[in-house]
Amino acid sequence: MRVLALDTSSAAVIAAVVDVDDGGVNGLAERVTVNAKAHGELLAPSVDACLADAGITPRDLSAIVAGVGPGPFTGLRVGLVTAAAMADALGVPSYGVCSLDA
C-alpha cells in the first residue's frame with residue numbers, strides 16, 4: 001500500500017511517500033525543509049513534489065499518516081489539517097502517530 005507521511009511537529013516540514021507491505025517499509029520520495037515559520041507555505045508543495053518524484057497521483061494513495069507531536073500548535077495544525085483534508089477528499093484512512101515514535 002502507498003502511504004503519504006507528513007510531520008510538522010518541529011521546525012522541519014516533512015513529507016514522504018512510502019510503500020508498506022509484509023516485507024516492511026520502502027521509501028519512494030521525501031522532502032524535508034527546515035523553516036519554523038513557513039509550515040503552511042511549504043507543506044503542499046512538498047507533498048506535490050513527493051508524489052511527482054514517486055511517479056504517483058493522490059488517487060494512488062492508500063492512507064495518510066501524520067505526526068501528532070509533541071510540538072507547537074501552529075505547526076501541528078498545518079500537518080494534521082492537511083492529512084485529514086486529503087484523507088477525506090481521497091476516501092482513504094488517516095492515522096496519527098506520535099512524532100517521537102515515528
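These legends accompany several close-up views of one predicted model.

**View 1. The whole chain, with its confidence values.** Before zooming in, here is how the predictor rates this model: the mean pLDDT of the chain is 93, and 99% of the residues reach 70 or more. Among the elements, strand β1 (residues 2–7) has the highest mean pLDDT, 96, while helix α2 (residues 73–90) has the lowest, 92.

**View 2. An open sheet of 5 strands, in the order β3-β2-β1-β4-β5.** Pairing in this sheet is mixed. Its edge strands are β3 (24–34) and β5 (94–97), each of which pairs on one side only. From one strand to the next, the twist averages 20°. As general background for this view, strands of a sheet pair through backbone hydrogen bonds, in either the parallel or the antiparallel sense.

**View 3. Strand β1 and its two partners, β2 and β4.** On one side, β1 runs antiparallel to β2 (residues 12–21), and 6 bridges join the two. A hairpin through 4 residues connects them. For a handy landmark, look for valine 3, whose bridge partner in β2 is valine 18. The pairing of β1 with β4 (residues 63–67) is parallel and spans 4 bridges; here alanine 5 has valine 65 as its bridge partner.

**View 4. Strands β2 and β3, with helix α1 packed on the sheet.** These two strands pair in the antiparallel sense over 10 bridges. One pair to pick out is alanine 15 with its bridge partner in β3, arginine 31. Helix α1 (residues 39–54) packs on the sheet and touches β1, β2 and β3. The direction of α1 makes about 30° with that of β2.

**View 5. The surroundings of valine 3 in strand β1.** Is this residue buried or exposed? Valine 3 has a relative accessibility of 6%, and because buried means under 20%, valine 3 counts as buried. Leaving out residues up to four places away in sequence, valine 3 touches Ala16, Val17, Val18, Val20, Leu61, Ala63 and Val65. One of these contacts makes a nice check of the fold: valine 3 and alanine 63 are 60 residues apart along the chain, yet their C-alpha atoms are separated by 5.0 Å.

**View 6. The loop between β4 and α2, where proline 70 is found.** Take a look at the peptide bond from glycine 69 to proline 70: this bond is cis, with omega near 15°. For comparison, most peptide bonds are trans.

**View 7. Helix α2 and its two sides.** The helix has 18 residues and reaches 25 Å from its first C-alpha to its last, close to the 26 Å expected at 1.5 Å a residue. Which residues of α2 are buried? They are Gly75, Leu76, Val78, Gly79, Ala83, Met86, Ala87 and Leu90. These residues lie on the same side of α2 because they cover an arc of only 160° around the axis. On the other side, Phe73, Val81, Asp88 and Ala89 are exposed.

**View 8. Where α2 packs, and what follows the helix.** Helix α2 lies across β1, β4 and β5, and runs at about 170° to β4. Its buried residues pack against β1, α1, β4 and β5. Just after the helix comes glycine 91, with a positive phi near 70°. Most residues other than glycine have a negative phi.

Terms used
Residues are numbered from 1 along each chain as its sequence is written. This is a predicted model: local features need pLDDT of at least 70, side-chain atom pairs count only at pLDDT 80 or more; totals for chains, interfaces and linings use all residues. Side-chain values use heavy atoms; hydrogens and water are left out. pLDDT is the predictor's confidence in each residue, from 0 to 100. Two strands pair if DSSP finds at least two bridges between them. Axes are lines fitted to C-alpha atoms, for helices over the stretch in contact, and angles run from 0 to 180 degrees between N-to-C directions. Contact means heavy atoms within 4.5 Å. The expected span of a helix is 1.5 Å times one less than its number of residues. Buried means under 20% relative accessible area, exposed over 50%, partly exposed in between (1.4 Å probe, protein chains only). The arc is that of the directions from the helix axis to the C-beta atoms.
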